[in-house]
Amino acid sequence: MRHFDFIVVGGGSAGAIAASRLASAQKGSVLLLEAGRRSFWPLHTVPIFAGVFARMRYGMWQNVTEPEARLGGRQLAWPHGRVLGGSSAINGMVWMRGRPSDYDSWEKAGADGWGWSNVAPVFDAIEGRAKSTGPHIHVMQQVSADPLDQAFVEAAQQAGLPRASDFNNPSQEGAGYFSLNVEDGRRRFSTEYLDEKARRHLTIKTGREAVQLNLVGSRIEGVTVRHGRTLERYSAGRIILCCGAINTPKLLMLSGIGDPSVLERAGVKVIHDLPGVGRNLQDHLSARVRIANAGKSQLYRLMRIDRASLSVAAAAIVGKGRAALPPFQAGLVIKSSETEPEPDLQALFLPGPSAGQPWFPLLTQRAPDPTCFAGIYVFRPESRGQLSILSSDPDAALRIEPNYLSTEDDRERLKRGVQILQKVMGQSAFAAFSPDGRLNDPDLTANPETIIKETSGTAFHYSGTCRIGRERDRMSVVSPSLHLHGMTGLSIADASVMPSITSGNTNAPSMMIGYKAADLID
C-alpha cells in the first residue's frame with residue numbers, strides 16, 4: 001500500500017484545483033485519483049462539443065432518476081463528467097458566480113466563513129483578477145454574433161425587460177450575454193491548474209474508480225480503487241472527497257457512513273450514523289419554450305456534417321469560427337414578479353434544436369426542422385430530494401429522488417417564468433426568423449403547467465447532498481472547515497457541501513469550493 005500525505009478522490013471541477021493547490025503549497029505529497037481518463041483533444045477543448053456530451057457514453061457517468069410525480073411520471077437522465085476535469089470538461093461553459101445573498105445565507109445556516117465577503121476574493125483569484133502569477137480560469141464576456149441570439153436579447157427588451165451587461169455583477173438583471181470560461185476558441189477548465197509547479201509534488205492516476213474508504217476505528221486512513229479488474233489501495237494522512245453531489249455520498253454510504261436505515265436496507269454494515277448523507281439533494285429544473293425558425297441560425301447551419309467538420313477544424317487549429325464558442329450564449333436573469341427583492345429566475349437561449357441529428361445533403365432525405373428554444377429555472381428552489389444506495393455493489397444503480405416542484409412556491413415561480421418566456425419569444429424581433437413571418441407556434445399559447453410537465457429537465461446542477469453545518473446539526477455532514485462530522489482523516493470539497501444551491505450555473509462555485517478547500521485542509 002503506497003502512502004501519501006493527501007489523497008484527492010475525484011479530479012473534477014473542485015478536485016483538480018484542490019489537488020493542484022495542495023501540491024503547489026508544498027504541504028506534502030498529493031495523489032489525485034480520477035475514475036475517468038484524461039481529456040481528449042479536440043472533444044473536450046472545442047466549445048461546440050458541449051452540446052453532444054449528455055447523450056454520449058465516453059467520459060460520462062450516466063444516472064437516471066426515479067419517476068417524478070409532477071413531471072408526468074417521467075424519469076430524467078442525470079449525466080455528469082467522468083474525465084479528468086469532471087463536468088468542467090463537458091459543461092456549457094457559462095460562468096456564474098452566484099449572488100452574494102446565496103453565500104450569506106450559507107453563513108446564516110451554519111457555514112461560518114462562507115459568506116460573500118469570504119468567497120468573493122476566491123472568485124477573483126480563480127478568474128485571475130487578484131495579483132497572482134499562478135494558474136487561473138480565463139473568463140470572457142461574450143457578445144454573440146448569431147442573429148437569433150441577438151433577436152432573443154432584442155425581444156426581451158421589447159417585452160419590457162432591461163438590458164444587462166454582466167450577469168456576475170450583483171446588481172445586474174435583464175437580458176444579455178453570459179460570461180464564458182473560453183479563451184482563444186478553447187474551453188478553459190479545472191485542469192488549467194495542473195501545471196508544472198504543482199506536478200513536482202503531485203501524482204495523477206486516471207482510470208481509478210473509488211469503491212471503498214478504508215477505516216481504522218473512527219479514522220479514515222485510505223481508499224480502495226478499481227483499476228480495470230484490479231483493486232489498488234492507497235493510504236494518506238488526509239483524504240479529500242471531490243466526487244460530486246452524486247458520487248461523494250455514494251462512496252460514503254458504500255463505506256458504511258450514512259443513514260442507518262438506508263445502509264441496512266442495502267446490506268451495508270453501519271460504521272458511522274450520519275443521516276444527512278444523500279439528503280438535501282437540489283437541482284435546477286429547466287422548463288422549455290420552443291418556437292420554429294427559418295434556419296438562419298449559425299448553430300443550425302452546423303448540423304450539416306460537412307459544415308460542422310470544417311468549423312470544428314477551424315476551432316481546433318486556429319480557435320476561430322462558430323465551433324469555437326459554446327451553444328448557449330444569451331439569456332435572462334430576472335424577477336418572477338415586481339415584488340421580488342432580487343432576481344429569482346434564469347433563462348438560457350439556444351439558437352437551434354436541442355436534440356437535432358447531424359445530416360448530410362446527399363445521404364439524408366431532408367434537413368431536421370429548424371427550431372430554437374429557451375429554458376428557464378428557479379434560482380433558489382425550496383424543493384429537496386435525496387439519493388441512496390440500493391446495494392453494497394458499487395456497480396448497482398442509485399435511487400435518485402429529486403422531488404422537483406414539491407412546494408407551491410417553486411411551482412408558481414416556474415409557471416411565471418414560462419409565461420415570461422412566452423411573452424419574450426412572441427415579440428416581433430423573432431418574426432423575421434419565423435418560416436412564414438408569423439409567430440403562431442403552439443408553445444407561445446400553451447398552458448405553462450403543461451409545458452412544465454412535458455418539457456422540464458435537469459440543468460445538471462446537482463448539489464447539497466453532504467452539506468456544511470455545525471456539528472450539532474444532525475443533518476449536516478461536514479464542518480465549515482469541510483471535515484467530516486464524527487470521524488477523522490476525511491474532508492469533502494465539491495458541490496455536495498453546498499447548504500443551498502447557488503443562483504445560476506454551479507461550475508464556478510464548485511471550483512471556488514475546491515480552491516478554498518486547499519486553504520482549510522491541513
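Start with the whole chain on screen: for 522 residues, a compact globule would have a radius of gyration near 24 Å, and the protein chain agrees with its 23 Å. That radius is taken over C-alpha atoms, and the globule rule is 2.2 Å times the number of residues to the power 0.38. What you see is a predicted model, where local features need pLDDT of at least 70, side-chain atom pairs count only at pLDDT 80 or more, and totals for chains, interfaces and linings use all residues. Residues are numbered from 1 along each chain as its sequence is written, and side-chain values use heavy atoms, leaving out hydrogens and water.

**The whole chain**

Switch to a C-alpha trace, which spans about 70 × 50 × 45 Å along its principal axes. A cartoon view brings out twelve helices and 23 strands; these are DSSP runs numbered from the N terminus, with helices (H or I) of at least four residues and strands (E) of at least two. Of the 522 residues, 60% count as buried, meaning under 20% relative accessible area, while exposed means over 50% and partly exposed lies in between (1.4 Å probe, protein chains only).

**The open sheet**

Next, select the six strands in the order β6-β17-β18-β19-β16-β22, an open sheet with antiparallel pairing. β6 (174–177) and β22 stand at the edges with a single partner strand each, so one side of each has no neighbour in the sheet. Zoom in on β6 and β17 (residues 330–334), which run antiparallel and are joined by four bridges; two strands pair if DSSP finds at least two bridges between them. Tyr177 has Ala330 in β17 as its bridge partner.

Now add helix α10 (residues 408–425), which packs on the sheet and touches β16 (285–292), β17, β18 (345–350) and β19 (371–378). Contact here means heavy atoms within 4.5 Å. The direction of α10 makes about 150 degrees with that of β19. Helix α11 (residues 448–455) lies across β16 and β22, at about 110 degrees to β16. For such angles, axes are lines fitted to C-alpha atoms, for helices over the stretch in contact, and the values run from 0 to 180 degrees between N-to-C directions.

**Two hairpins in a row**

Select β11 (residues 209–216) and β12 (residues 219–227), an antiparallel pair joined by seven bridges. Their hairpin has two residues between the strands, and Gly217 takes a positive phi near 65 degrees. Extend the selection to β13 (residues 230–241), which runs antiparallel to β12 and is joined to β12 by six bridges. This hairpin also has two residues between its strands, with Gly228 in the turn at a positive phi of about 65 degrees.

**A covered helix**

How many residues of helix α6 (residues 244–254) are buried? Eleven of its eleven residues are, including Gly244, Asn247 and Lys250. Just after α6, Gly256 takes a positive phi of about 90 degrees.

**Crossing helices**

Turn to α3 (residues 116–126) and α12 (residues 507–520), whose axes come within 10 Å and cross at roughly 100 degrees. The two helices are therefore roughly perpendicular, a label for 65 to 115 degrees; under 35 counts as roughly parallel, over 145 as roughly antiparallel and the rest as oblique. Show the side chains of Val122 and Phe123 in α3, among the residues that meet α12.

**Last stop**

Finish at Leu482, in the loop between β22 (457–458) and β23 (490–492). Is Leu482 buried or exposed? Leu482 is buried, with a relative accessible area of 0%. Its contacts include Trp114, Ile468 and Leu520.

Note on methods
Lists of a residue's contacts leave out its neighbours within four places in sequence.
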